[in-house]
Amino acid sequence: MERLGTGIGWRPEIAGDIERMPGIDWVEVVAENVCPGHLPESLLRLRDRGVTVVPHGVGLGLGGAERPDAERLEALAERATALRAPLITEHIAFVRAGGPLSVSPRLEAGHLLPVPRTRDALDVLCENVRIAQDALPVPLAVENIAALFSWPGEEMSEGQFLYDLADRTGVRLLIDVANLHTNHVNRGEDPAKALAELPLEAIAYVHVAGGVERDGVWHDSHAHPVPRPVLDILTDLASRVSPPGVLLERDENFPEPGDLERELTSIREAVEKGAAARNTAQAKSSGSGSGSGSGSGSGSVRKSGSVRESGSCEPARQRVALAQAAVLSSLVAGTPVPEGFDRVRMAVQARALAAKRADVVAKVAPELPVMLGEQYRAAFLAHAQKWPMTGGYRQDALDFVEQLLLSSGQRERQDEQMPLRELREWWLERSGPVPRSRRPAVRLARATRRVLLRR
């Protein structure tokens, strides 16, 4: 595996700071946020001066019941080619559910949700990973995610699940030590046990990020400094194997460049501390003649089950589809929480998904918070309670404004607080197949038509 070194997640808000930072060996960019034909100048400059750029997907949904979408795979492949990336990464998660397999409305989560660690889910995930591997021009690595809730009836630990996935598909692993910490706080899972069960030789690189604890729940925010427990898990990992790359993730609430550089220094120190412990252990092992100092915990791991016989995955897909549709519907459409789930945690997850939708819509349609001002967030959260997301975030923004217009009536009043005229113009400009013409004659015709329709 290519040695990547120390990196940071590239974001437009800190693009200039990253270019000036010393010791940045590589960057990672959210794949869906860049266009192959119009790459940001900052990324091009980094790429052309030899900094490795890795596209990191968030929308493929490899853990979902359906096969990976061919268009999404093609888009990932295009980005890898344009960025000259050595690999592509995605998540072990589902992001949408419903549709023909579950005979239910198709819903979008708008965020990463955990898959159940069952043999059915593993079978589906393995087949989806193989489909993705065949479609991509470079190797694929998949990431363990943070979770706010657990599935009842799970059959494997996280380490066993990842071990079998790598063993059956040959896929590389992107290990997020911050997510291991999140799952320790939220689900009581031991990070050391997970690391001991992993096939460490399959690690492509490592994510490090900060979060915040509220009411006993750890939120993987990527908006706070990296806490000591996360650095300790990184040290534990580095004491077992030398990670090919380590990357700091920060998505918002960006600090001063000096603070980011200090976090990167802390990450390097955590890796060096682990490496020193690994070297000491190997020296002791070599001196005693035991010959067991491989630096990987995978040698003693017993797979959770034998490789499943090849054959149709359709029955497993349907079972996973029904389960995921029920869970997602309870989170975004107000249906009852399935039996066996922690209702309090599911409520926390539902609020987090709604808040995520509000935040992302504000980014993809920044005109809306400007027009609505302080009303924006409350209005959008009220919308999210009634209307689940069925498309991407841009469609979500259009649906939000459409519902505002419908619920506010067709006539504007002088005392109306909602800026209906501006919202209507915004919606009309973006809801058609092509932008509306700005030519005076066309605008006059539109105005005349509106007057006639009101009569």
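Is His222 buried or exposed? I open with that residue, and I should say at once that the model before us is predicted. At 9% relative accessibility, His222 falls below the 20% cut-off and therefore counts as buried. Its position is in the loop that runs between strand S11 (217-219) and helix H8 (228-240). The backbone deserves attention as well: His222 is not a glycine, and yet its phi is positive, at about 55°.

Asn253 offers a second case of this kind. Its phi is also positive, about 50°, and Asn253 is not a glycine either. This residue sits in the loop between strand S12 (245-248) and helix H9 (257-288). With a relative accessibility of 53%, Asn253 passes the 50% limit and so counts as exposed. To put the two side by side, His222 is buried, whereas Asn253 is exposed.

Let me turn to the strands. How many of the residues of strand S9 are buried? The answer is 6 of the 6, across residues 203-208, and S9 is therefore largely enclosed by the rest of the structure. Strand S8, residues 172-176, runs parallel to S9 and is joined to it by 4 bridges. Within that pairing, Leu174 has Tyr205 of S9 as its bridge partner. S9 also pairs with S12, again in the parallel sense, over 3 bridges. Here Val206 is matched with Val246 in S12. As general background, side chains in a regular strand alternate between the two faces of the sheet.

I now come to the charged residues. Side chains of opposite charge can pair when their charged atoms come close. In this model the count of salt bridges is 26, and I shall discuss three of them.

The pair Arg47 and Asp48 forms a salt bridge through the side chains, with an N to O distance of 3.1 Å. Arg47 is buried, since its relative accessible area is 16%.

The next pair is Arg106 and Glu66, whose closest N and O atoms are 3.0 Å apart. Arg106 belongs to strand S6 (residues 104-113), while Glu66 lies in the loop between strand S3 (52-56) and H3, so this salt bridge ties together parts that are 40 residues apart in sequence. Both partners are partly exposed: the relative accessible area is 35% for Arg106 and 30% for Glu66.

In the last pair, Glu189 meets Arg117, with 2.7 Å between the closest N and O atoms. Glu189 is in the loop between helix H6 (177-187) and helix H7 (191-197), and Arg117 is in the loop between S6 and helix H4 (119-135); the contact therefore links parts that are 72 residues apart in sequence. Arg117 counts as buried, at 7% relative accessibility. Which residues share a network with this pair? Through salt bridges with shared partners, Arg117 and Glu189 are joined with Glu154, Glu158 and Arg187 into one network.

Finally, I would direct you to the surface. Asp69, Glu71, Glu74 and Glu78 gather there in a patch of negative charge. Of these, Glu71 is located in helix H3, which spans residues 70-83. Glu71 counts as exposed, because its relative accessibility is 63%.

In closing, I return to two elements of the picture: strand S9 is largely enclosed, and the acidic group that includes Glu71 lies on the surface.

Definitions and conventions
Residues are numbered from 1 along each chain as its sequence is written. This is a predicted model: local features need pLDDT of at least 70, side-chain atom pairs count only at pLDDT 80 or more; totals for chains, interfaces and linings use all residues. Side-chain values use heavy atoms; hydrogens and water are left out. Patches are made of residues with over 30% relative accessible area and no salt bridge: like charges are joined within 9 Å, nonpolar side chains (Val, Leu, Ile, Met, Phe, Trp, Tyr) within 5 Å. Accessible areas come from the Shrake-Rupley method with a 1.4 Å probe; for residues, only the protein chains shown count as cover. A salt bridge is a side-chain nitrogen of Lys or Arg within 4 Å of a carboxyl oxygen of Asp or Glu. Lys and Arg count as positive and Asp and Glu as negative; His and the chain ends are not counted. The place of a charge is taken as NZ of Lys, CZ of Arg, CG of Asp or CD of Glu. Buried means under 20% relative accessible area, exposed over 50%, partly exposed in between (1.4 Å probe, protein chains only). Two strands pair if DSSP finds at least two bridges between them.
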